[in-house]
Amino acid sequence: MLDVNCLYRILFQHMGPQKWWPANSKIEIVLGAILVQNTNWRNAALALEKLGRNTELEPHHILNTKLADLQLLIKSSGFYKAKAQTILTILQWLERFNFDYSLIQRYYGQSLRQALLELKGIGEETADVLIVYVFEGVEFIPDSYTRRIFNKLGYTDTEQYSKLKRKIDLPQSFTTQDANELHALLDNFGKAYFNHKNNENFQFLEKYFVK
């Protein structure tokens, strides 16, 4: 059974840096992390693009947008009524700190994850993504592809996000960039492997999979 650091090294050696999260600003990452909930990135990207054309992704512009209009702009992402409310909730929360992400990190410290989880519509995966990609922290993000990979590697209790997260400890030496790359590598490997099993470029990890 591979440990996390070994898995990270193997994936990085074969796949290289993934250059995640694909965005031009932290507010774009925040919005993308919400819009991609329970859908694929294509649907989320369509919603993000439409939102950008109408608001330039300027947070105060979004906050001043009528709820019904905001829902219509992000409709392609699915669950658009709930997501629109979540967007407004987190933007109002960020506005309290003048969108100063470093200030928020200092203010909450180790309690930041819990503070994010207390915002309606922010679940565990979204909170962890925001901590790594927006607040420059270190978290393990066991999304659906990651859980499937760890299951094939022989780990148990991979069905639920929280159960696998409790079982995995990232190395103390891990930086924000390491956490960033690990998540991106696992996600992109999972997409390639599970969706294209005959793709020989992504067979390098198979020898470690439990049969």
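**Exercise 1. Which residue's side chain does glutamate 124 meet in a salt bridge?**

Before solving, note the ground rules. This is a predicted model, where local features need pLDDT of at least 70, side-chain atom pairs count only at pLDDT 80 or more, and totals for chains, interfaces and linings use all residues. Residues are numbered from 1 along each chain as its sequence is written, and side-chain values use heavy atoms, with hydrogens and water left out.

Step 1. Fix the term. A salt bridge is a side-chain nitrogen of Lys or Arg within 4 Å of a carboxyl oxygen of Asp or Glu.

Step 2. Find the partner. Glutamate 124 meets arginine 113, at 3.2 Å from N to O.

Step 3. Place the pair. Glutamate 124 is in helix α9 (residues 124–133) and arginine 113 is in helix α8 (residues 112–117), so the bridge links distant parts of the chain, 11 residues apart. Helices (H or I, at least four residues) are DSSP runs, numbered from the N terminus.

Step 4. Check exposure. Buried means under 20% relative accessible area, exposed over 50%, and partly exposed in between (1.4 Å probe, protein chains only). Glutamate 124 is partly exposed at 29%. Arginine 113 is buried at 18%.

**Exercise 2. Extend the picture around arginine 113.**

Step 1. Take the next bridge. Arginine 113 also pairs with aspartate 128, at 2.6 Å from N to O.

Step 2. Place aspartate 128. This residue is in helix α9, 15 residues from arginine 113 in helix α8. Aspartate 128 is buried, with a relative accessible area of 0%.

Step 3. Join the partners. Shared partners link Arg113, Glu124, Asp128, Glu139 and Lys165 into one network of salt bridges.

Step 4. Set this in context. The structure holds seven salt bridges.

**Exercise 3. Describe a salt bridge inside a helix.**

Step 1. Pick the pair. The side chains of arginine 53 and glutamate 49 meet at 3.4 Å, N to O.

Step 2. Explain the spacing. The two residues are separated by about one helical turn because they are four residues apart in helix α3 (residues 41–55).

Step 3. Check exposure. Arginine 53 is exposed at 57% relative accessibility. Glutamate 49 is partly exposed at 46%.

**Exercise 4. How do α6 and α7 pack?**

Step 1. Read the geometry. Helix α6 (residues 80–96) and helix α7 (residues 101–108) pack at about 85 degrees, with axes 9 Å apart. Axes are lines fitted to C-alpha atoms, for helices over the stretch in contact, and angles run from 0 to 180 degrees between N-to-C directions.

Step 2. Name the arrangement. The two helices are roughly perpendicular, a label for angles of 65 to 115 degrees.

Step 3. List the residues. Trp93, Leu94 and Arg96 in α6 meet Tyr101, Ile104 and Tyr108 in α7.

**Exercise 5. Locate phenylalanine 99 and its surroundings.**

Step 1. Place the residue. Phenylalanine 99 lies in the loop between α6 and α7.

Step 2. Check exposure. Phenylalanine 99 is buried, at 14% relative accessibility.

Step 3. List contacts, meaning heavy atoms within 4.5 Å. Leaving aside neighbours within four places in sequence, phenylalanine 99 touches Ile27, Pro59, His60, Leu91 and Leu94.

Step 4. Compare chain and space. Lysine 26 is 73 residues from phenylalanine 99 along the chain, yet their C-alpha atoms are separated by 9.6 Å.

Note on methods
Angles under 35 degrees count as roughly parallel, over 145 as roughly antiparallel, 65 to 115 as roughly perpendicular and the rest as oblique.
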